[in-house]
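Biologist: I would love a close look at a single part of this protein, explained for someone in their first year. Could you take me through one helix and then its surroundings?

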Amino acid sequence: MKKLSVCVLFGGVSPEHEISLRSAESVLRHMDRERYNIFPVGITRSGDWVLFGGSDYGMLPAGTWLDCPDNRRAAISPVRGQGLLTFEGDCVVRERIDVVFPVLHGENGEDGSVQGLLQLAGLPCVGPLVAASAAAMDKTLTKLVADRAGIPQAAWRLVTARELSRGSEAVLDAVEAQFAYPVFVKPAGTGSSVGVGKARSREELLAALENAAKFDKKVLVEEFIDGREVEVAILGNETPAASACGEIDAGADFYDYDAKYVSDCATLYIPARISDQAAERVREMAVRVFEAMGCRGLSRVDFFVTRDDEQVVFNEINTIPGFTSISMYPKLFESVGIAYGDLIDQLIQLAMEP
C-alpha cells in the first residue's frame with residue numbers, strides 16, 4: 001500500500017504555542033510510520049517555518065527542537081502542486097504532501113488562516129475548513145450562530161477594547177446593569193483559557209477586562225452558570241458521531257490555564273457524573289452545534305450541566321482540541337475503544353474525503 005505523506009504543523013505565533021508543542025508530540029508519537037511519510041513542520045513564535053529533522057519528539061515540549069542540526073527552513077507553497085518546500089542553501093527541495101494535520105491551537109492556526117493557505121494550495125486538511133474555523137475561533141460569532149440555531153447558552157455581552165479606552169466606567173455600568181456577580185470574562189479569540197478571568201466585584205471586572213483585551217480587541221462577558229463542566233468529542237464529516245461525555249473537576253476556582261496544564265489539580269471523569277438523560281441531551285446538542293457551525297472532521301464541544309436541575313447550557317466549541325497525553329478529546333474516544341493511533345488514522349481519512 002502506498003504511504004501517505006502527512007505534514008504535521010505545530011507551534012505557531014500564538015499564546016497557545018507551548019500547548020501546541022505538547023499536542024504535536026503526542027500526535028507524532030502515535031502516527032504509524034508504516035502507513036505514513038511524516039513531515040513535522042514547526043512554526044516558531046516569530047513565524048519562521050522549520051522542518052524538524054530529529055526523531056526525538058520529546059524535544060518539542062522540552063523547547064529544544066530548534067537546536068536540532070538536521071532542521072531545514074520550510075514553507076507550504078500556496079501554488080497548487082508544489083507541496084512542502086524545504087531550503088538547503090540556495091537549493092529548494094519539493095516534498096509531495098497528501099494531507100496536512102494542523103496541530104496549531106489558537107490564533108494563526110485554528111482561526112482559518114492556515115486552512116485558507118491549504119485551500120489555496122489544494123491540500124486536504126484535518127479538521128474544519130476556513131469558514132467554520134474562523135467562526136468557531138471567535139466566541140462572539142459562535143454565540144450568534146448558536147442563538148440562531150436555538151442552542152441554550154449563557155447570557156453574554158460583547159465589550160471592545162475601543163469601548164474600554166473611551167471610558168471604562170460606562171462599560172462597567174453596562175455590565176453590572178445586565179449581570180449579577182460573579183461573571184466570566186474571555187478574549188473572543190483565544191483557547192486553552194488564555195486571558196480568561198472570573199470577576200466577583202467591579203474592581204475585579206475592570207482588571208479582567210483589561211487583561212482579556214491584551215489578547216483580543218473583542219472581549220466576551222458571560223453570566224455565571226453553576227454547573228458541571230462537560231465535554232463531548234465529535235468525529236465525522238457528513239454523519240458526525242459524538243463520544244461519551246467527559247467531565248472536568250477543575251480542582252480550582254475554574255478550569256483556567258494553570259489548572260489545565262501547570263498545577264495538575266484537575267480531575268477528569270469519563271463518563272461524566274450526570275444522568276443518562278442529561279448525557280444524551282449533551283451528545284445530541286454537541287452534534288447540533290458541530291453541524292450549525294459547518295464543521296467537519298473533528299471538534300470538542302463544551303457544556304455546563306446545571307447542578308440543581310441538569311439543564312444543558314452550551315459553552316464553546318474547539319475545532320483543534322488539545323491532543324496532549326492528558327487531553328479530553330483522545331481520552332473520550334479511547335473510553336469507547338478507539339485507540340489514539342486509530343483515531344489519527346480516522347481523522348486523516350476524513351480529511352481526504354471530498
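Which exposed residues does the face of α3 turned away from its buried side carry?

Modeller: Happy to help, and please keep in mind that this is a predicted model. The residues you are asking about are Gln119 and Leu120, which are exposed on the face of α3 turned away from the buried side.

Now let us turn the helix round. Helix α3 covers residues 113–121, and its buried residues are Val114, Gln115, Leu117, Leu118 and Ala121. These buried residues lie on the same side of α3, because they cover an arc of only 155 degrees around the axis. As for what that side rests on, the buried residues of α3 pack against the strands β1, β3 (49–51), β4 and β7 (99–103), and also against helix α4 (130–137).

Next, look at the two ends of α3. Just after the helix comes glycine 122, with a positive phi of about 70 degrees. In the loop between β7 and α3 you will find asparagine 108. Asparagine 108 is not a glycine, yet its phi is positive too, at about 60 degrees. Most residues other than glycine have a negative phi, so a positive value is worth a second look. With a relative accessibility of 35%, asparagine 108 counts as partly exposed.

Let us carry on along the chain. The loop between α3 and α4 holds valine 126. Valine 126 counts as buried because its relative accessibility is 4%, and the cut-off for buried is under 20%. Leaving aside residues up to four places away in sequence, valine 126 touches Val99, Val100, Phe101, Pro102, Leu298, Leu347, Ile348 and Ala351. For a sense of scale, the C-alpha atoms of valine 126 and cysteine 245 are separated by 23 Å, and these two residues are 119 apart along the chain.

One of the residues touched by valine 126 is Phe101, and Phe101 leads us to some aromatic rings. Together with Phe323, Tyr329, Phe333 and Tyr340, Phe101 forms one aromatic cluster.

After that loop comes α4, where Ala132, Ser133, Ala135, Ala136 and Met137 are buried. The buried residues of α4 pack against α3, against helix α5 (139–148) and against strand β16 (312–318). Follow β16 and you can find another unusual backbone angle close at hand in the sequence listing: glutamate 310 is in the loop between β15 (297–306) and β16. Glutamate 310 is not a glycine, but it has a positive phi of about 55 degrees. Its relative accessible area is 24%, so glutamate 310 is partly exposed.

Let us return to α3 and pick another of its partners. The buried residues of α3 also pack against β1, and strand β1 (residues 4–11) contains phenylalanine 10. In the model, the count comes to 8 aromatic pairs. One of them joins phenylalanine 10 and tryptophan 65 in an edge-to-face arrangement, with 5.1 Å from centre to centre and 70 degrees between the planes. The pair links distant parts of the chain, since tryptophan 65 is 55 residues away from phenylalanine 10, in the loop between α2 (59–62) and β4 (72–76). Phenylalanine 10 counts as buried because its relative accessibility is 0%. Tryptophan 65, at 3% relative accessibility, counts as buried as well.

To finish, here is a pair of helices to set beside α3. The axes of α7 (residues 168–178) and α8 (residues 202–212) come within 11 Å and cross at roughly 115 degrees. The crossing of α7 past α8 is right-handed. Among the residues that meet there are Val171, Leu172 and Val175 in α7, and Leu205, Leu206 and Leu209 in α8. Leu205 is also touched by alanine 199, a residue of strand β10 (residues 197–199). Alanine 199 is buried, with a relative accessible area of 0%. Alanine 199 touches Tyr181 and Pro182 too, and the peptide bond joining tyrosine 181 and proline 182 is cis, with omega about 0 degrees. Proline 182 itself is found in the loop between α7 and β9 (183–187).

Technical notes. Residues numbered from 1 in each chain as written. Predicted model: local features only at pLDDT ≥ 70, side-chain atom pairs only at ≥ 80, totals over all residues. Heavy atoms only, no water. Phe/Tyr/Trp six-rings, centres within 6.5 Å; stacked < 30°, edge-to-face > 60°. Helix = DSSP H or I, 4+ residues; strand = E, 2+ residues; numbered from the N terminus. Buried < 20%, exposed > 50% of the residue type's maximum accessible area, 1.4 Å probe, protein only. Arc of directions from axis to C-beta. Contact = heavy atoms within 4.5 Å. Axes fitted to C-alpha atoms, helices over the stretch in contact; angles between N-to-C directions. Left-handed = near helix turned anticlockwise from the far one by under 90°.
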